[in-house]
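Colleague: I'm new to this one, so could you walk me through it? Let's put it on the screen and start from there.

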Amino acid sequence: MKKLLLMPVILFPVYVFAGGLVTNTSQSAMFTRFQCRDASLDIDAAYYNPAGLVHLSDGFYLSLNNQVAGRLKQVTASYERLNEGQPLKYEGKLTNPLFPGVYAVYKTGRFAFSAGVNPISGDGVTSYDGGLPSGDIFLADRTSVVNSTLSTPDDDIDFGTVKYDRSDRTEKSRLLSIGYQLNIAYNLDNRFSVAAGIRIVDTRNYTRSSIDNIYWVHTSNTGTTELVRPVSYTETVVNVSEANDTTVAGADTRSALTEALDEIKSWESIADISFTGTGITPVISINYAPDLKTNWAFKYEFRTSIDLLTEVRSDNAGISNYLNGSVENVSIPAMLSLGLTKIKGNRFKYFAGLHYYFDKPLQFEGRKLEDIEIIERNSYELAFGGEYIINNRYRASSGISISKPGVNAEYYNEHRYTGNSVTLGAGVGLMLGSYIDLNLGASYTMYSESEIIREYDPADGVNTPVAIKDIYDSRGWVLSAGIDFLFGKKTK
């Protein structure tokens with residue numbers, strides 16, 4: 001009998017935060033309320049536009065940000081052996097109270113030195129209290145195999161039939177990569193400035209899964225039904241058969257069930273596996289400010305290669321298919337961003353940005369995505385925002401970002417899926433004093449629902465593929481707050 005294969009995501013979650021398939025771009029409270037910071041000349045430019053920091057006046061700047069995120073992920077599966085073929089919905093929930101972004105800038109003369117710490121990939125811990133479809137499908141398939149064995153003629157003994165009913169299953173996974181970045185920016189001629197940076201990415205992911213309290217529905221030859229536990233029921237059947245029959249057919253039934261018994265015992269299992277690794281991302285940035293009311297920005301982040309070390313902390317039945325100490329190479333894709341900030345009159349600011357992700361050359365599960373044809377094109381994201389300056393103390397803003405991933409149907413499974421998304425954000429800025437600025441923001445992300453029909457091999461000895469229909473959906477929200485300490489004033 002085939003063992004259950006647990007497949008935790010390594011670097012491909014569905015994000016409630018803005019970004020591509022892997023990269024987070026929601027890295028400050030100002031981003032939450034604008035949805036676009038690519039041509040920023042504020043402190044969060046330490047991440048979005050390091051070259052633009054030369055337009056701060058000399059001094060030291062510090063920005064402390066945190067985002068609280070919530071997300072609902074839904075997978076609805078329809079399979080003929082599960083729930084009488086009717087759809088079953090599985091829900092995963094995330095509430096992440098800590099998603100910080102910390103930035104520091106020191107500007108002196110033509111130079112600006114900056115540093116940042118933020119979650120560059122992943123969005124925290126997601127829990128599925130009812131597990132995911134693969135677990136139920138596996139148990140339904142294996143129950144079908146056992147039921148075929150029970151149906152083997154055994155003289156006058158009629159064992160009836162069994163059908164998978166339910167189990168207590170949980171799955172929890174954490175996907176998080178923290179980036180530690182340093183940049184140096186240089187002002188060439190007050191219009192053009194350049195910056196170079198390096199980011200160290202520290203990845204610490206884990207997955208924990210458990211299956212217990214499995215139940216079958218047993219229907220006797222008289223039509224009565226009862227809930228039974230697989231191990232105890234199978235042991236009873238073997239003992240009854242042995243006590244009442246010695247024919248070849250009966251012996252074959254007992255042999256098959258005895259062989260299956262060890263496998264059935266392994267169905268109630270637990271796995272606890274972690275994946276850790278580090279990578280390095282070079283970053284270059286160019287800023288062009290043709291006048292006091294216009295600013296253009298360009299940034300390119302190189303591909304980050306990460307060797308993830310697998311640690312199998314617990315796997316009591318060998319169900320995970322991961323080898324302790326094995327190493328697998330995965331990647332965060334290269335990203336290009338373009339941004340524009342425009343000031344109109346004395347009250348309005350407008351923002352526009354483009355993020356383009358070079359997903360096609362990625363390494364995933366040890367293979368190039370282009371070789372297994374699950375990505376058709378590179379992903380991109382468009383963002384627009386605006387701010388109205390009410391007075392010297394208060395500002396109000398809103399924005400929208402539109403994400404277009406380049407994946408096809410082969411990309412989708414219960415652990416990784418993403419559709420086109422739209423994120424709406426809004427918020428306020430408040431000057432609390434001459435050197436302290438507070439930003440508050442909120443955003444809501446809506447993903448397009450994706451319906452995927454896939455071919456599935458039940459692996460039950462029949463080798464006849466069947467169709468499974470999966471429906472994927474997700475919604476998410478973010479609340480953010482940031483406080484900036486301005487020990488110097490911007491010159492534009």
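Colleague: Which strands each supply at least two residues of the nonpolar patch?

Modeller: Strands here are DSSP runs of E with at least two residues, and helices are runs of H or I with at least four, numbered from the N terminus. A patch takes residues with over 30% relative accessible area and no salt bridge, joining like charges within 9 Å and nonpolar side chains (Val, Leu, Ile, Met, Phe, Trp, Tyr) within 5 Å; a salt bridge is a side-chain nitrogen of Lys or Arg within 4 Å of a carboxyl oxygen of Asp or Glu. The strands you want are strand 4 (111–128), strand 5 (161–187) and strand 6 (192–219).

Colleague: And about what area does that nonpolar surface patch have?

Modeller: Its members include Phe111, Phe113, Ile184, Tyr186, Phe192 and Val194. Areas come from the Shrake-Rupley method with a 1.4 Å probe, and for residues only the protein chains shown count as cover. The patch comes to about 1100 Å².

Colleague: Is Phe60 buried or exposed, or something in between?

Modeller: Phe60 is another patch member, and it's found in strand 1 (residues 59–78). Buried means under 20% relative accessible area, exposed means over 50%, and partly exposed is in between (1.4 Å probe, protein chains only). Because Phe60 has 38% relative accessibility, it counts as partly exposed.

Colleague: How far should I trust the model, and what pLDDT does the chain average?

Modeller: It's a predicted model: local features need pLDDT of at least 70, side-chain atom pairs count only at pLDDT 80 or more, and totals for chains, interfaces and linings use all residues. Residues are numbered from 1 along each chain as its sequence is written, and side-chain values use heavy atoms, with hydrogens and water left out. The pLDDT is the predictor's confidence in each residue, from 0 to 100. 88% of the residues score at least 70, and the chain averages 85.

Colleague: How many contacts does the stretch of residues 1–16 have beyond near neighbours in sequence?

Modeller: The pLDDT there is below 50. A contact means heavy atoms within 4.5 Å. In the model, that stretch has 88.

Colleague: What about the whole chain: what share of the residues is buried?

Modeller: The chain has six helices and 21 strands. Among its contacts with a separation of 6 or more, residues 24 or more positions apart account for 72%. Of the 492 residues, the buried share is 52%.

Colleague: How many bridges join strand 1 to strand 21?

Modeller: Two strands pair if DSSP finds at least two bridges between them. Strand 21 (residues 466–487) runs antiparallel to strand 1, and Ala77 has Asp470 as its bridge partner there. Strand 21 also pairs with strand 20 (residues 450–456) over seven bridges, and 11 bridges join it to strand 19 (residues 436–447). For strand 1 and strand 21, the count is 19.

Colleague: Which residue in the turn between strand 12 and strand 13 has a positive phi?

Modeller: Strand 12 and strand 13 (residues 348–358) run antiparallel, joined by 11 bridges, with Leu336 partnered by Tyr356. They form a hairpin with three residues between them. At about 65°, the positive phi belongs to Gly345.

Colleague: Last one: why does Thr304 count as buried?

Modeller: Thr304 lies in strand 10 (residues 304–315). Leaving out residues up to four places away in sequence, Thr304 touches Val201, Gly279, Ile280, Thr281, Val330, Ser331 and Ile332. Thr304 counts as buried because its relative accessibility is 1%.
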